[in-house]
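Here is a report on a two-chain model. It moves from chain-level totals to sheets, contacts and single residues.

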Amino acid sequence: MMSPSALRLDLGPLLRTLRRQPMVFALVVLEIAAGVATISSLLMAGRWYGRTAERPSGLDEDNLVLVSTYTPGTAGPGHDRASVERSVRAQQEADRRRLRALPDVEAVAPLTITILDDRWCYPTLFAGRQAGASTSSAARLMGWAIYSDEELLAALRLPILAGAGPRPGSADGALVTRSFAEQLFGAAERAPGSTLVSEQSPPTKILGVVADVRMRMPFMPNGLAVAFLFAPSPFDHEARLLVRARPGQRAAVLARARAAFAADRDTRFVEVRAFDSVDSLHHRIGSGLLRMLRVFGAMLGGVVLMGALASTWFLVAQRTRQIGIRRALGATRADMVVYFLLESMVTTALGSALGMMGAFVLYLMMRKVFLEISFDLGLMGLTLLLLSVASILATLIPALRAARIPPGVASRSL
Amino acid sequence: MAASLLLYHVRLARRSLRRDPGLSATIVAVMTVVSGIFSTGLLHYLRFYGPVPQASPALHHVEVGSAPRSLLDAFRGTTAAPNAIAARMRVSYPSYLLLSGSHIPARETGTFRARLLVRRPAAPPGTAEIPPGGAPPLDADRSPWRCPRNARFVNADFFGMFGIELGAGAPWTRAQEAANEAVVVVSRRLADDLFPAGDALGATLMVNGLPYRIVGICAAHAPTAPPWDPAAAGGAQDVLYLPFAEHHRLVISPEMPVHVSPRGPSTADLLASEEIFVSYWTELPTAESRRAYQAYLDRTFGPRRVAVTLRDLPAMRAAFAPPPTAVGFFMFLTSMILLGGGLIMTRLLLAKGLARGDELGIFRALGAPRRSLFTRQLIEAALLSAAAGVLSILIAGPQAFFYNRAVADTDIPIAVTPHSFVITLGATVGVGLLCALYPAWRASTRAPTVAFGRPFGTP
C-alpha cells in the first residue's frame with residue numbers, strides 16, 4: 001500500500017512531466033476519451049440490436065405453424081373486382097378448412113399480421129370510450145390492428161385477463177392486449193365493455209383483455225399494443241393462417257400441411273413454416289448486427305491497446321535520462337514502475353471522464369434513432385474496465401523496461 | 001521542378017519509413033483498422049443516402065391536406081422515422097384522380113407499391129428453383145421466384161421524370177399505356193433472378209397469373225431511399241414496374257396505406273376512401289404552367305376546403321428533409337473512430353520523431369530548411385495513411401460479404417465501389433495529414449544542436 005507521502009513524491013514529478021509535454025498528454029487523454037465514447041456506443045447499439053432480436057413474441061411458439069398464401073385473381077371480361085375478391089376470399093376460407101381437416105390440428109386462426117412478416121404496414125391511432133365518457137376526452141394510443149376471428153384464442157392460446165373472448169360465429173368486437181388496455185384505460189379491468197374507436201375500422205366493443213403479445217417486428221414502435229378485431233379484414237391476396245398443432249406434433253403437422261398444399265405451388269404462393277420468431281428477418285438483422293458491432297468493438301479495443309503500447313514505449317525511451325537521474329537519486333525499480341503506472345492512471349482517469357461525457361452525448365444522439373434505448377451503465381463500466389486494463393498493460397511492459405535502466409545512464413551525457 | 005522536388009521528398013520519406021519499420025507498421029495497422037470501420041459505415045451510408053438518378057429539375061410535388069399528427073408522432077424518435085413523411089408525401093386515391101385530371105403538366109405520374117407474385121411462364125426443365133446467385137431465401141420452403149415481390153405501379157412518364165436509366169429496352173409509351181398493353185419494366189435484380197441467361201428483354205413474365213411482356217430492364221438497383229417515395233426507404237427494392245392502371249386488372253391493394261378513417265373491406269372501398277397511399281408527381285417546366293396548375297389546384301381543392309401546397313424540387317426537399325436514421329448515426333460514429341485513429345497516429349508519429357531526433361538534427365545541421373523537414377514528415381504520413389486506406393478494403397470487403405450473407409436486411413447489397421473506395425482513401429489520407437501537422441511541426445522545429453548535445457544515439 002502506497003503511503004500518502006510516497007504518493008505525493010510520485011505526483012510531483014508526474015505533474016511536472018505533464019506540464020512539460022501538455023500536447024502529448026492531451027493526445028493520450030483525447031485518445032482514451034474517443035475510445036471510451038466510441039466503444040461504449042458501439043456496445044450499447046449492439047446490445048440494443050441483440051435485445052431487439054431476442055424480444056419474444058409472447059406466444060407459445062413450440063406448437064405453432066404459419067401458413068402464408070398469396071392467391072392471385074384478376075379482373076377482366078366477366079370478372080369484376082367484387083367477384084375476384086369473392087373468389088380469393090373463398091379460396092382463403094377453403095385453405096383454412098383444408099388445414100382444420102388435418103390430423104393433430106387443434107385450431108386455425110387467420111391473422112393479418114404476424115411477427116414473422118417482412119411486409120410493411122403502418123400502425124393505427126386508437127381511442128377508447130368508456131361507457132358514459134366522450135371520445136374527445138379519451139386517451140389516444142398508437143397501436144397495431146390485427147384482424148382475426150373467434151378461433152384466435154384457441155390458436156394463440158392466450159389467457160384472458162379481463163372480460164371474455166368472442167362468441168362463436170360473431171363478427172364483431174375486439175380483444176386488446178394488456179399493454180394496450182393499460183395505456184388507453186389505465187387498467188386492464190376498465191377496458192371490457194368500452195368502445196374502441198380507430199382510424200382503421202368502425203367503432204367496436206372491447207370484449208376482453210389478453211396477455212401481451214408482440215405481433216410486429218420489434219424495430220417498430222409500441223409493439224405490445226395490439227388490438228385483435230373480429231370484423232371482415234380488408235381484401236388482400238395475401239393471407240396468413242396460424243395453425244396450432246397438438247403438443248409434440250408440430251413436425252407432423254408441418255409435413256402434412258406441406259403435402260396438402262403441394263399441388264398449389266404451380267398456381268399460387270403457399271409457404272408452410274414453423275412459427276419460430278428466431279427464424280425471422282428481425283432476428284437475422286438484430287443478431288447479425290450484434291455480431292458485427294462486437295467485432296468492431298474488439299477491433300477498436302485492439303487498436304487502442306496497440307497504439308498505447310507503441311507510444312508508451314517511446315515515451316519511456318524518451319525519458320531514459322530522467323529515469324536514470326531518479327534512479328541515481330535513490331528511486332528503486334518498484335518506484336519507477338509505480339511512477340509510470342500512476343502516470344497512466346491519471347491520464348486514463350482524465351480520458352475516461354471525458355469519454356463518459358462523450359458517450360452521453362452520443363447516447364442522446366442514439367435516442368433519436370434507436371427506439372427505447374437506455375444508457376447502459378454496465379456496458380460503460382465494462383468499457384472503462386477494459387480500457388483501463390489495456391492502458392495498464394500498455395504501460396506495464398515499458399515501465400518494467402524503464403525500471404531496469406541503471407543509474408549510470410544519467411551521467412553519460414552530463 | 002516542383003514534381004522532381006516532390007519526388008525527392010517522396011524518396012526521402014520512403015527511406016524514412018524503412019528506418020522505423022515497427023512504428024510504421026503499427027501506424028498502418030491502426031489506420032487500416034479504423035479506416036476499415038469507417039469504410040464499412042460509409043458503404044451503408046452510401047447505400048442509403050448515396051447518389052440517386054438525376055430527377056427532372058422541373059419536378060413538382062403537391063401536398064394535400066394536413067398530415068395526420070398521429071403518424072408523425074408514432075414514428076418520431078424510432079428507426080422507422082422516415083415512414084413519418086408518408087402521410088405528407090402521399091395522397092388518397094380520390095385526391096390522386098383530382099391531381100392528375102388537369103392535363104396541364106408536361107409529364108406526370110402517380111405511383112404506389114404493392115406485392116405481386118412473379119414468375120416465368122414455365123420453369124425450364126432441369127432448372128433449379130433457387131437460381132444461383134439469387135437473393136438468399138428467407139426460408140428453405142420459400143422459393144424466391146414465387147414469393148410475393150415488391151412491385152410499383154407508375155405512369156409512362158415516371159422513368160423520364162426520375163432519370164431512371166434502363167440497361168436494355170425502353171419504358172412503355174403513353175400510347176401503350178392508353179391502349180392497356182400488358183408491358184412491364186423489371187429491375188436488374190429480377191432479371192438476374194429469373195433470366196440468368198440474360199434473355200429477359202422481350203420475354204414474357206407471369207404477374208399474378210397474367211402474362212406481361214418485358215420491355216425494359218433497369219440498369220442498376222433501385223435506390224434504397226427512392227426519391228419518388230421516400231417513405232419506402234430501407235425495404236426490399238421494387239423489382240417490377242407496371243402501368244398504373246394495371247392495378248384495376250390485378251385487383252391490387254397497396255402494401256401500406258396510411259389509415260385515416262374507417263373504410264369497408266373491399267378494394268372498391270379503399271379506392272373511394274381517404275386512405276393515403278399514392279405518390280403523385282408532376283413536371284411543370286415553365287412559370288406559366290406552374291401558375292396554371294396552381295390555379296387548377298385552387299379551383300379544384302378550394303371549394304372542398306382542403307389545403308394544397310405545390311412545391312418545386314428544392315422546396316420539396318427542404319420541406320421533407322430526411323429524419324435522422326441509424327445509418328446516419330453510424331456514419332458519424334465511424335467518422336469519429338477514424339479521427340480517434342488519427343489521434344493514435346499523431347502519438348505514434350511523435351514517437352517516430354523522438355526516435356529519429358538525431359537524424360533530424362543532422363539534417364538541420366547540414367542545412368535542410370524547416371519547410372523541407374515539415375514536408376517530408378507530411379509526405380511520410382500521407383504514404384502511411386494511403387497504405388492504410390488501400391488496405392482498409394481487407395476489412396470493408398469481408399464485412400460487406402458477411403453483411404450481405406448474414407444480415408441481408410434488403411435485397412440491395414452493400415458493395416465496395418470505386419466511389420466508396422475513393423472516399424475512404426481520401427478521408428484516410430486527409431485525417432492522416434491533419435494528424436501529422438503537429439508531429440511534423442515539432443520535428444521540423446528541432447534545433448540542429450540537439451543532435452550534438454549528447455552522445456549520439458542517446459535520447
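## Chain B in outline

Take the contacts in chain B between residues at least 6 apart in sequence: 82% of them join residues at least 24 apart. The model is predicted. Chain B has 17 helices and 12 strands. Of its 459 residues, 47% count as buried.

The domain assignment splits chain B into domain 1 (2-49 + 326-452) and domain 2 (59-319). Their contact takes 8 residues from domain 1 of chain B and 11 residues from domain 2 of chain B. On the domain 1 side, helix H2 (residues 21-49) of chain B gives the largest share, 3 residues. That side of domain 1 of chain B divides into 5 nonpolar, 1 polar and 2 charged residues.

## Where chain A meets chain B

The interface involves 75 residues of chain A and 74 residues of chain B. Several elements of chain A give two or more residues to its side: helix H2 (22-54), helix H3 (81-100), strand E3 (124-129), strand E11 (269-274), helix H7 (281-318) and helix H9 (333-366). The largest share, 17 residues, comes from H7(A). By residue class, the chain A side holds 44 nonpolar, 16 polar and 15 charged residues.

## Domains of chain A

Chain A is divided into domain 1 (4-54 + 284-411), domain 2 (57-112 + 235-276) and domain 3 (119-233). Between domain 1 of chain A and domain 2 of chain A, the C-alpha centres lie 58 Å apart.

## The four-stranded sheet of chain A

An open sheet of 4 strands runs in the order E2-E10-E1-E11 (chain A), with antiparallel pairing. Its edge strands are strand E2 (105-111) and E11 of chain A, each of which pairs on one side only. From one strand to the next, the twist averages 20°.

Strand E1 (residues 64-70) of chain A and E11(A) run antiparallel and are joined by 6 bridges. In E11(A), A:Val270 is the bridge partner of A:Thr69.

Two helices pack on this sheet. H3(A) touches E1, E2 and strand E10 (238-245) of chain A, and its direction makes about 160° with that of E2(A). Helix H6 (residues 250-261) of chain A touches E1, E2, E10 and E11 of chain A; the direction of this helix makes about 175° with that of E11(A).

## Strand E8 of chain A and its partners

How many of the 7 residues of strand E8 of chain A are buried? The count is 5 for E8(A) (residues 204-210), so the strand is largely enclosed by the rest of the structure. The strands that pair with E8(A) include the following.

| Partner strand | Sense of pairing with E8(A) | Bridges |
|---|---|---|
| E5(A), residues 160-163 | antiparallel | 3 bridges |
| E6(A), residues 174-177 | parallel | 4 bridges |
| E7(A), residues 195-198 | antiparallel | 2 bridges |

Individual bridges give the register. A:Gly163 has A:Gly208 as its bridge partner in E8(A). A:Val176 is matched with A:Val209 of E8(A). A:Thr195 is matched with A:Lys205 of E8(A). A hairpin through 5 residues joins E7(A) to E8(A).

## The nonpolar core

The largest nonpolar core has 228 residues. Those with the most contacts inside it are A:Val243, B:Val184, B:Val186 and B:Leu240. H2(A) gives the largest share of this core, 18 residues.

Which residues does A:Val243 contact, leaving aside its neighbours within four places in sequence? They are A:Leu64, A:Val65, A:Val67, A:Leu99, A:Val105, A:Val108, A:Val253 and A:Ala257. In soluble globular proteins, nonpolar side chains tend to be buried together.

## Two positive phi values in chain B

Most residues other than glycine have a negative phi. B:Arg305 departs from this, with a positive phi near 55°. Its place is in the loop between helix H11 (287-301) and strand E12 (308-312) of chain B. B:Arg305 is exposed, because 7 other C-beta atoms lie within 10 Å and the cut-off is 12 or fewer.

B:Ala408 is not a glycine either, yet has a positive phi of about 40°. B:Ala408 is found in the loop between helix H16 (393-407) and helix H17 (418-444) of chain B. With 19 other C-beta atoms within 10 Å, B:Ala408 is partly exposed. A buried residue would need 20 or more.

Definitions and conventions. Residues are numbered from 1 along each chain as its sequence is written. Chains are lettered from A and ligands numbered from 1 in the order in which they are written. This is a predicted model: local features need pLDDT of at least 70, side-chain atom pairs count only at pLDDT 80 or more; totals for chains, interfaces and linings use all residues. Two residues are in contact if their C-beta atoms, placed from the backbone, lie within 7 Å. Ala, Val, Leu, Ile, Met, Phe, Trp, Tyr, Cys and Pro count as nonpolar, Asp, Glu, Lys and Arg as charged, and the others, Gly among them, as polar. Two strands pair if DSSP finds at least two bridges between them. Domain bounds come from an automatic or database domain assignment. Axes are lines fitted to C-alpha atoms, for helices over the stretch in contact, and angles run from 0 to 180 degrees between N-to-C directions. A nonpolar core is a set of buried Ala, Val, Leu, Ile, Met, Phe, Trp, Tyr and Cys residues joined through C-beta atoms within 7 Å.
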